[in-house]
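I opened the notebook with the model on screen. I went element by element and wrote down what I looked up.

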Amino acid sequence: LPALIRKKRDGERLEEEEIQSFVRGVTEGTAQQGQIGAMLMAIRLRGMDAAETLALTRAMAASGRALAWPPAWRGLLVDKHSTGGVGDKVSLALAPALAACGCKVPMISGRGLGHTGGTLDKLEAIPGFCISQRPEQMQSILERVGCCIVGQSEELVPADRVLYGLRDVTATVDSLPLITASILSKKAAEQLSALVLDVKFGSAALYPTQESARELAQSLVAVGEQLGIHMVAVLSRMDEPLGRCVGNSLEVLEALECLEGGGPPDLRELVTTLGQPRGRGRWAPGMGGQHGPGSAHTS
């Protein structure tokens, strides 16, 4: 591992087998935290090309189980992911809304990174809510209610569970290849039919400019398409908090207001926008959209 860290530190590209070796060390616990942090920083400073990013995503997705679903759900398995922003509670409203339209939403989500709030943190504000579910439990939940939101675990993308937390304490949250691999390794494990990405830019987001957000959106779409996921990316401005409420419990309540047809207009508009797009994989019968696969739309 020190040789791989040195190689990336000096600006060289890593081979697929070397990336797999690093991810195995992360997953099996043979890599020390200092070594993992050093590799994350080397990637943050030196970057990764498209092939390296794809290899990292695949290795992280393969670190745990791939979810399996009934054949009847083919074409109905959809998800959404946001790059995060202050007051972003869209997942809490969009997942059940898509389920109400006949979709199945097996969302593997994350905690807050940097100054942005995490969907799992918001859900844990609900007394008794459990973010850890086994794949068999996830299928049972999807059969009953159509959506579930869970965290990474020893079974589900365990490599991302380790790297996710370390990125937050090593100032590597904004690394484009690390963001791409973290998001898409979770989505690849979900075995989705379609995915919509909410890539945010502005003073309250991880990326301040539309140009930097567009670069991330293009990376996500390019890698996702190579993984066989039908995707669309939406660029959304975030120069101020989304909605009126910031804080885990308050954001849950505001998401419930949105589901009941109320809540702030900007939240309802973004939930509706993200619920519409479709690529080659449809969201659900009757849900329209004009943005094709691999596209990026600014709202």
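Where is Lys7 found? I located Lys7 in helix H1. I noted that the model is a predicted one.

**Entry: Lys7 and Glu18**

I checked the accessibility of Lys7 next. Its relative accessible area is 19%, so Lys7 counts as buried, the cut-off being under 20%. I then listed its contacts, leaving aside neighbours within four places in sequence. Lys7 is in contact with Glu12, Arg13, Leu14, Glu15 and Glu18.

I followed the last of these contacts. Glu18 lies in helix H2. Its own contacts, not counting residues up to four places away in sequence, are Leu4, Lys7 and Arg13. Lys7 thus appears in the contact list of Glu18, and Glu18 in that of Lys7. I also took a long-range reading from Glu18. Glu215 is 197 residues from Glu18 along the chain, and their C-alpha atoms are separated by 26 Å.

**Entry: the annotated N-terminal domain**

I looked up the UniProt record. An unreviewed entry lists residues 3-64 as "domain: Glycosyl transferase family 3 N-terminal". I computed the make-up of that stretch. Residues 3-64 are 74% helix and 0% strand. The end C-alpha atoms of the stretch are 26 Å apart.

**Entry: helix H3**

I tested the length of H3, residues 33-46. Its 14 residues should span 20 Å at 1.5 Å a residue, and the end C-alpha atoms are 20 Å apart, which agrees.

Which residues of H3 are buried? I found Gln35, Ile36, Gly37, Met39, Leu40, Ala42 and Ile43. I then asked what lies over them. The cover includes helix H1 (2-9), helix H2 (16-28), helix H8 (158-169) and helix H9 (176-190). Just after H3 I stopped at Gly47, which takes a positive phi of about 75°.

**Entry: helix H4**

H4 covers residues 50-61. I ran the length test here too. The twelve residues reach 17 Å from first C-alpha to last, close to the 16 Å expected at 1.5 Å a residue.

I looked at the start of the helix. Asp49 caps the N-terminal end of H4, with a side-chain oxygen 3.1 Å from the backbone nitrogen of Ala51. Ala51 itself is in H4. Its relative accessible area is 47%, so Ala51 is partly exposed. I also took its distance to Arg13. The two are 38 residues apart in sequence and 9.4 Å apart in space, C-alpha to C-alpha.

Why do I call H4 largely enclosed? Nine of its twelve residues are buried, so the rest of the structure largely encloses it. I wrote down the buried set: Glu52, Thr53, Leu54, Ala55, Leu56, Thr57, Ala59, Met60 and Ala61. What covers them includes H1, H2, H8, H9 and H10.

**Entry: Ser219**

I moved on to helix H10, residues 210-226, which holds Ser219. Ser219 is buried, at a relative accessible area of 15%. What does its side chain meet in a polar contact? I found the side chain of Thr180, at 2.9 Å. Beyond residues up to four places away in sequence, Ser219 touches Leu176 and Thr180.

**Entry: rings**

I searched for ring interactions. The count of aromatic pairs comes to one. I also found a charge over a ring. The charged end of Arg167 sits over the ring of Tyr164, 5.9 Å from its centre.

**Entry: positive phi**

I turned to the backbone angles of two loops. Most residues other than glycine have a negative phi, so I recorded the cases that go the other way.

Ala171 has a positive phi of about 60° although it is not a glycine. I placed Ala171 in the loop between H8 and H9. Is Ala171 buried or exposed? Its relative accessible area is 60%, so I entered Ala171 as exposed.

Gln191 is another non-glycine with positive phi, near 55°. Gln191 is found in the loop between H9 and strand E4 (194-201). Its relative accessibility is 41%, so Gln191 counts as partly exposed.

Note on methods:
Residues numbered from 1 in each chain as written. Predicted model: local features only at pLDDT ≥ 70, side-chain atom pairs only at ≥ 80, totals over all residues. Heavy atoms only, no water. Helix = DSSP H or I, 4+ residues; strand = E, 2+ residues; numbered from the N terminus. Expected span 1.5 Å × (residues − 1). Buried < 20%, exposed > 50% of the residue type's maximum accessible area, 1.4 Å probe, protein only. Contact = heavy atoms within 4.5 Å. UniProt positions renumbered as here; feature names shortened; annotations may be inferred. Phe/Tyr/Trp six-rings, centres within 6.5 Å; stacked < 30°, edge-to-face > 60°. Lys NZ or Arg CZ within 6 Å of the ring centre and 35° of its normal. Polar contact = N/O pair within 3.5 Å; in protein donor to acceptor, adjacent residues only side chain to side chain.
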